[in-house]
Amino acid sequence: MGIIKILDKNVIDQIAAGEVIERPVSIVKELIENSIDAGADSIEVEIKKGGKSYIGIRDNGKGILQDDIDVIFERHATSKISCLEDLYESCSLGFRGEALSSIAAVSKVTLTTRHKYEDLGSKVIVQGGEELARESIAVSKGTSILVEDLFFNTPVRHKFLKSDTSEAVVVSDMIERLALCRADIAFHYSNNGKELLNTTGSGDLSEVIYRLYGKEVYDNLLEIDAELSVGRLFGYIGKPVISRGNRNRQSLFINNRYVKSFLLMKAIQEGYSSFLMQHRFPVFVLKLSIDPASMDVNVHPSKMEVNFESPSLLYKEIYHAVRNRLIELDRTDVTQLRYENETEVTEITEVTDATDNRSEAVQPQNRSEFADSPFSAMDLDFTKQLMKSGVADFSYQKRSEVYREREEESRYYEAKEDKEKAAEDFRKEYGEAVENIRIIGQAFKTYILAEIGDTLYIVDQHAAHEKINFERLMKGLNEERYSQQLLKPAVLQLTAKEELTVQRYMEVFEQFGFEIEHFGGQAYTVRAVPMSFYNMDINRLFVELLDHLGEMSEVGNIERIKDRIAGVACKASIKGGQNISDLEAEHLIRELLKLEAPFQCPHGRPTMIAMSRYELEKKFKRIV
Ligand code: ADP
Ligand code: MG
């Protein structure tokens, strides 16, 4: 007898489920997409324990015919396409007919639905792929699906789920994007009975942005509506003043799908190039509607790879749309563009050569040429990530997060050791000479020149300041146990994700002397701060801090958290470079040299460079 056998349906479904359903967010996404495809304009999502124990989705879409109930839990059952041609014309979000069967294979599903043309609806319970019960019932039009006990029959996969909070964060993130994408749909979303998102479905995108990102962002939005040769770009970009330390508040939708096109993200970022400092990222919610024929979206829903017919043209058009909007603002509202730490806006130059060359170079007629273009070197790398990202596949994100964190962690400790060793060497060599600092003067209002022993030092006064501040704040976090009540509590308007981050770190914050209270909705107030944080822009501090902390997937190591808090805080407390007197300069250097690792500012830039007498003499050929 042969040993090859055909797997039974349950096994096949479970294997398929492994590809489609990885964690709660995949279920939420599939079900919401079904609701959207069914024409719903109101969608309620309720999850418990990050979706592990309970996911409930209710919509007011067209519902499911009683006669169709038999097949919807079958794999490859779909009402959306029937032949291959349909596939290419399909505007619906899902069309493989795999979601319901996959979800039902790994959990307990209760589906209640009534089609808009029928009087009676149906209720079906399916568990681990087996139908347990079915009845006809009178319900209101639409569909509601309950998913309980995810992975009850595959314990290994259950074990790989993250903490409830982490799962909830990715679900929130995804729903926020969907809400931005579909301002015409009212979303109601809650986790463990707590409402996290509520949109009205009015169709006004700026209103959704207001609800998600709060008043400050809303007040600093610039509307974009630009005709492009292949379609239209519209939505909102944030004024430079509300830029962030990461890309969390950037969303780009193409034909109503959330995508992460490296090419287009880069075009937008470049559009801001003369308006933003390095490592700052603009806020934007942009939608591109484009002739589907001019692009190629990989039809696998979890691979959001997009290729465009004429990428360089699209790049340029988007770049200019963003840039022109900012220049327009510049004319009307100069103050908005000033960097906080710098005195003047850098001159707005024409498109840099680099950008031009790069764009010119990309004139691919087909994909293989694209692969050889200079863009693709970046693109390929990035595309690899993107193929796996999109909203659909969080597995990649999960892996890379863990990887990134580990890498970061080890880099952090290595760097720390290096810096401390350099300082040690310095003190050994110059221990006494430090007593005699001779300030020579200041160059470009930025660098202090000083002679110490046999060495000429050039100190970046800004970096030095930052470093000293950083250490002072670190010390504060380590030693101070007193908080200072703020005269005027700071009110923070948070997104669902930020709120979860605040909750996750609440204990840590309290331990450091921050007093934070829930204020209602997604607003929180900061009533007290550690003594050394008094006089600081607390709103700004928290905006940045939550960005940073939100990137860590679990509550990080306390040393690293401290490091982040102080790092962010010292930025919030520093003013731009000015003239300083010799005495102040000397004081600054002395303070700096007292520190354990004086040579690098908290962001890794050097605080000073040195040139020994010997090096100078060699340069002038006094010695050979
Ligand atoms: P797909 O969405 O890829 O077609 P699914 O397994 O997600 O496959 O759903 C199977 C079918 O069930 C859909 O094609 C649709 O006809 C029906 N369906 C699923 N969810 C809903 C819903 N919320 N409202 C109406 N019909 C639905
Ligand atoms: Mg579907």
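**A buried serine, an eight-stranded sheet and its surroundings**

Ser-122 is a residue of strand E4, which spans residues 121–127. In this predicted model, Ser-122 has a relative accessibility of 4% and therefore counts as buried, the limit being under 20%. When neighbours within four places in sequence are set aside, the contacts of Ser-122 are Gln-66, Ile-69, Leu-111, Thr-112, Thr-113, Glu-135 and Ile-137. Of these partners, Leu-111, Thr-112 and Thr-113 fall within strand E3, residues 108–114, while Glu-135 and Ile-137 fall within strand E5, residues 130–137.

The chain as a whole contains 21 helices and 22 strands. Of its 624 residues, 50% are buried. Among contacts with a separation of 6 or more, 70% are made by residues 24 or more positions apart.

Strand E4 belongs to an open sheet of eight strands, arranged in the order E5-E4-E3-E6-E2-E1-E7-E8 with mixed pairing. The edges of this sheet are formed by strand E5 (130–137) and strand E8 (194–198), each of which pairs on one side only. On average, and with direction ignored, neighbouring strands are turned by 10° against each other. In general, the strands of a sheet pair through backbone hydrogen bonds, in either a parallel or an antiparallel manner.

Several pairings within the sheet can be described individually. Strand E3 (residues 108–114) runs antiparallel to E6 and is joined to E6 by seven bridges; in this pairing, Thr-110 stands opposite Leu-146. Strand E6, comprising residues 142–148, is mostly covered, with five of its seven residues buried. E6 also pairs with E2 in the antiparallel sense, over six bridges, and here Tyr-54 stands opposite Glu-148 of E6. Strand E2 (residues 54–59) pairs in turn with strand E1 (residues 42–48), again in the antiparallel sense and over six bridges. In that pairing, Glu-44 is placed opposite Arg-58 of E2.

Helix H7 (residues 164–181) packs on this sheet and touches E1, strand E7 (186–191) and E8. The direction of H7 makes about 170° with that of E7. Because angles over 145 degrees count as roughly antiparallel, H7 and E7 are roughly antiparallel.

The largest nonpolar core comprises 62 residues, and those with the most contacts inside it are Val-28, Ile-32, Ile-43, Val-45, Ile-175, Leu-180 and Ile-209. Helix H7 gives the most to this core, contributing 10 residues. Ile-175 lies within the span of H7; apart from neighbours within four places in sequence, Ile-175 is in contact with Val-28, Ile-32, Val-45, Tyr-189 and Leu-197. Of these partners, Val-45 falls within E1, Tyr-189 within E7 and Leu-197 within E8.

A second antiparallel pairing is formed by strand E9 (residues 221–228) and strand E10 (residues 231–238), which are linked over eight bridges. The two strands are joined by a hairpin of two residues. Within this pairing, Asp-225 stands opposite Phe-234 of E10.

Further helices differ in their setting. Val-71 lies in helix H3, residues 69–72. With a relative accessibility of 41%, Val-71 counts as partly exposed, because this value lies between 20% and 50%. The C-alpha atom of Val-71 is separated by 9.5 Å from that of Ser-101, a residue 30 positions away along the chain. Helix H10 (residues 262–271) is mostly covered, with nine of its 10 residues buried. The buried residues of H10 are Phe-262, Leu-263, Leu-264, Met-265, Lys-266, Ala-267, Ile-268, Glu-270 and Gly-271.

Helix H17 (residues 496–512) packs against helix H18 (residues 538–551) at an angle of about 90°, and their axes are 10 Å apart. This angle makes H17 roughly perpendicular to H18, since it falls within the range of 65 to 115 degrees. On the side of H17, the contact involves Lys-497, Glu-498, Thr-501, Val-502, Tyr-505 and Phe-509, which meet Phe-542, Leu-545, Leu-546, Asp-547, Leu-549 and Gly-550 of H18. The residues of this contact divide into seven nonpolar, two polar and three charged.

Key:
Residues are numbered from 1 along each chain as its sequence is written. Chains are lettered from A and ligands numbered from 1 in the order in which they are written. This is a predicted model: local features need pLDDT of at least 70, side-chain atom pairs count only at pLDDT 80 or more; totals for chains, interfaces and linings use all residues. Side-chain values use heavy atoms; hydrogens and water are left out. Axes are lines fitted to C-alpha atoms, for helices over the stretch in contact, and angles run from 0 to 180 degrees between N-to-C directions. Helices (H or I, at least four residues) and strands (E, at least two) are DSSP runs, numbered from the N terminus. Angles under 35 degrees count as roughly parallel, over 145 as roughly antiparallel, 65 to 115 as roughly perpendicular and the rest as oblique. Contact means heavy atoms within 4.5 Å. Ala, Val, Leu, Ile, Met, Phe, Trp, Tyr, Cys and Pro count as nonpolar, Asp, Glu, Lys and Arg as charged, and the others, Gly among them, as polar. Two strands pair if DSSP finds at least two bridges between them. Buried means under 20% relative accessible area, exposed over 50%, partly exposed in between (1.4 Å probe, protein chains only). A nonpolar core is a set of buried Ala, Val, Leu, Ile, Met, Phe, Trp, Tyr and Cys residues joined through side-chain atoms within 4.5 Å.
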